[in-house]
Amino acid sequence: MTPPRPAAPPGDPPGAQLRADADPNPNSVTNARPASRFVEPARLRRILVLALPIIAAMVSQSVLNVVDTAMVGQLGDAALAAVGVGSFVLFTCQAMILGLSVGVQAIASRRKGEGRHDETAVPLNASLLLILIIGPVLTLVLYWLAPWFFPLLTPDPAVVAGAVPYFQIRMLAGPLMAMNYAFRGYWNGIGQSRLYMITLLIMHASNVLLNYMFIYGHFGAPALGVPGAALATALSVLIGTTIYYGFGWRYALEGGFLRRRPNRKDVTTLVRISVPAGLQNVSQSAGLVALYWIIGHIGTAELAAANVLVNLMTVAILPGMGLAIAAATLVGQSLGQGDVADARRWTRDTLRVGVLGLGLLGAPMVLAPDLILGLFLHDPNTIALARWPMRIAGLAVMLEGVKRVYMQVLMSAGDGRRVMRISVLTQWGMFTPLAYMIGPVWGLGLLGIWLGQEVYRLTQVAVFRRYWRQGHWARIRI
């Protein structure tokens, strides 16, 4: 007679105990062959199907930023500075909203894994409801405050004169942008990242055309200059929102899109996951401002070099972010199926893909830093300042990708508060004061700060990995 199997540990999700008989989940590790040294082809294919559209969409955003800068740059330095300041303030304001994408993705992927397909769009409905209630009020407040706080950021009246209307026009589309983030989380959560990519590509193409019309006054449109750039972006956001609703009507009705009303528990769960993710984004954005302020106290050449290094790192890490978002979806679906072992395996598989891919991507930064830096910097002394920090950044691409995967997996499992606490404490309790001591106080320059930044990243990776191995995240109910 077969002896009885032990019960699943208390608090595990339903079905968390791996069975010795046939498993309905084809991706489960139950009764599977020992894992290969790299990643099995079927699993690699599933990771790439989810991650590649996300990476393509993010890369298109970076390309659009370059095009925008080039088009606005023809209006002069004051116009370019106005758009730069306005965009940065807008990004800081939207950092909190980005948490909605994390919350919607985490819940939608979990519901799909649980087989509750008619409820996958409930978190999307809840986020749209919150945006309709809160969004207009916040938009009007920030719109009204703009003329007051921009003079605090820059003393140049010409820059302020351009930045205020730019920010105000973009803010009017703020609720629509928040809806777009919510839709992004939903499509990624149910494994339809291609819809996110298609929408973003259409938005970006529309933005370039509308910029050409409203900045310079072509095709019968008025030449509005800097406000025209804001209007073009706002209209492209409206186009994207319209497409998302159309896709929702076509592909998400079975998931309850605009049909199933979220209850109080649904809204509470969404807020519980989204708010820590949003606060972490705000902290990260503020930390970047603090880093620029610290480096600015070292020297202008160091600040110019740091700006190039940060922008290159931002682009280089995009594949890592795409893989991290894919991992969050796969882990969420496995947890919904009650297969904790498979959720762990998806994390490991994504990390293997990321380490290999990001290692290859960062290699040119290590091996040929002058060649890359020469595209952006023309002063030999500034290039010399940035040479070794660039090599460090090339190695850091892989490390940052590993960190992002652990962070997204933990947040998708509902452990966002822990992620937020670790991020805030290590950034403001460790790296920011350390960078100030290394740079302005001890005089170790840009290289010293970049070395300190890697100690900070290594610390975060070690802590996130420790919490991932402990497995508390696998017992959180969503």
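Which residue's backbone oxygen lies 3.5 Å from a polar atom of the side chain of serine 412? In this structure, which is a predicted model, the backbone oxygen belongs to alanine 328, and a polar atom of the serine 412 side chain lies 3.5 Å from that oxygen.

**Serine 412 and asparagine 207**

Serine 412 has its place in helix α14, which covers residues 380–412. With a relative accessible area of 3%, serine 412 falls under the 20% limit and therefore counts as buried. When its neighbours within four places in sequence are left aside, the residues in contact with serine 412 are Ala106, Arg110, Ala328, Val331, Gly332 and Ile478, and this list includes the alanine whose backbone oxygen was named at the start.

Asparagine 207 can be described in a similar way, and this residue lies in helix α7, made of residues 193–216. Asparagine 207 is buried, its relative accessible area being 2%. The side chain of asparagine 207 reaches the backbone nitrogen of threonine 233 at 3.4 Å, and Thr233 also appears among the contacts of asparagine 207 that remain once neighbours within four places in sequence are set aside, together with Leu64, Asp68, Ala232 and Ser236.

**Helices α3 and α4**

Helix α3, residues 98–113, packs with helix α4, residues 122–153, at an angle of about 155°, and the axes of the two helices are 9 Å apart. Because an angle over 145 degrees counts as roughly antiparallel, α3 and α4 are described as roughly antiparallel to each other. On the α3 side the contact is made by Leu100, Val104, Ile107 and Ala108, while α4 contributes Pro123, Leu124, Ser127 and Ile131. Sorted by class, the residues of this contact comprise seven nonpolar and one polar, with no charged residues.

**Aromatic pairs**

A search of the whole structure finds 16 aromatic pairs, and two of them are set out below with their geometry.

| Pair | Arrangement | Centre to centre | Between the planes |
|---|---|---|---|
| Phenylalanine 150 and phenylalanine 167 | edge-to-face | 5.4 Å | 65° |
| Tryptophan 293 and tyrosine 436 | stacked | 6.2 Å | 15° |

The pair of phenylalanine 150 and phenylalanine 167 links distant parts of the chain, since phenylalanine 150 is in helix α4 and phenylalanine 167 is in helix α5 (residues 157–172), 17 residues apart. Phenylalanine 150 counts as buried at 0% relative accessibility, and phenylalanine 167 is likewise buried, with a relative accessible area of 0%.

The pair of tryptophan 293 and tyrosine 436 also links distant parts of the chain, with tryptophan 293 in helix α9 (residues 264–296) and tyrosine 436 in helix α15 (residues 416–441), 143 residues apart. Tyrosine 436 is partly exposed, with a relative accessible area of 33%.

Ring pairs also link Phe183, Tyr244, Tyr245 and Phe257 into a cluster.

**Glycine 443**

Glycine 443 is found in the loop between α15 and α16, the latter covering residues 445–470. With a relative accessible area of 57%, glycine 443 is over the 50% limit and therefore counts as exposed. Tyrosine 244, which belongs to the ring cluster, is 199 residues away from glycine 443 along the chain, and the C-alpha atoms of these two residues are separated by 51 Å.

How values were computed. Residues are numbered from 1 along each chain as its sequence is written. This is a predicted model: local features need pLDDT of at least 70, side-chain atom pairs count only at pLDDT 80 or more; totals for chains, interfaces and linings use all residues. Side-chain values use heavy atoms; hydrogens and water are left out. Axes are lines fitted to C-alpha atoms, for helices over the stretch in contact, and angles run from 0 to 180 degrees between N-to-C directions. Helices (H or I, at least four residues) and strands (E, at least two) are DSSP runs, numbered from the N terminus. Angles under 35 degrees count as roughly parallel, over 145 as roughly antiparallel, 65 to 115 as roughly perpendicular and the rest as oblique. Contact means heavy atoms within 4.5 Å. Ala, Val, Leu, Ile, Met, Phe, Trp, Tyr, Cys and Pro count as nonpolar, Asp, Glu, Lys and Arg as charged, and the others, Gly among them, as polar. Buried means under 20% relative accessible area, exposed over 50%, partly exposed in between (1.4 Å probe, protein chains only). A polar contact is a pair of N or O atoms within 3.5 Å; within protein, one must be able to donate a hydrogen and the other to accept it, and residues adjacent in sequence count only if both atoms are side-chain atoms. Rings of Phe, Tyr and Trp (its six-membered ring) pair if their centres lie within 6.5 Å; planes under 30 degrees apart count as stacked, over 60 as edge-to-face and the rest as tilted.
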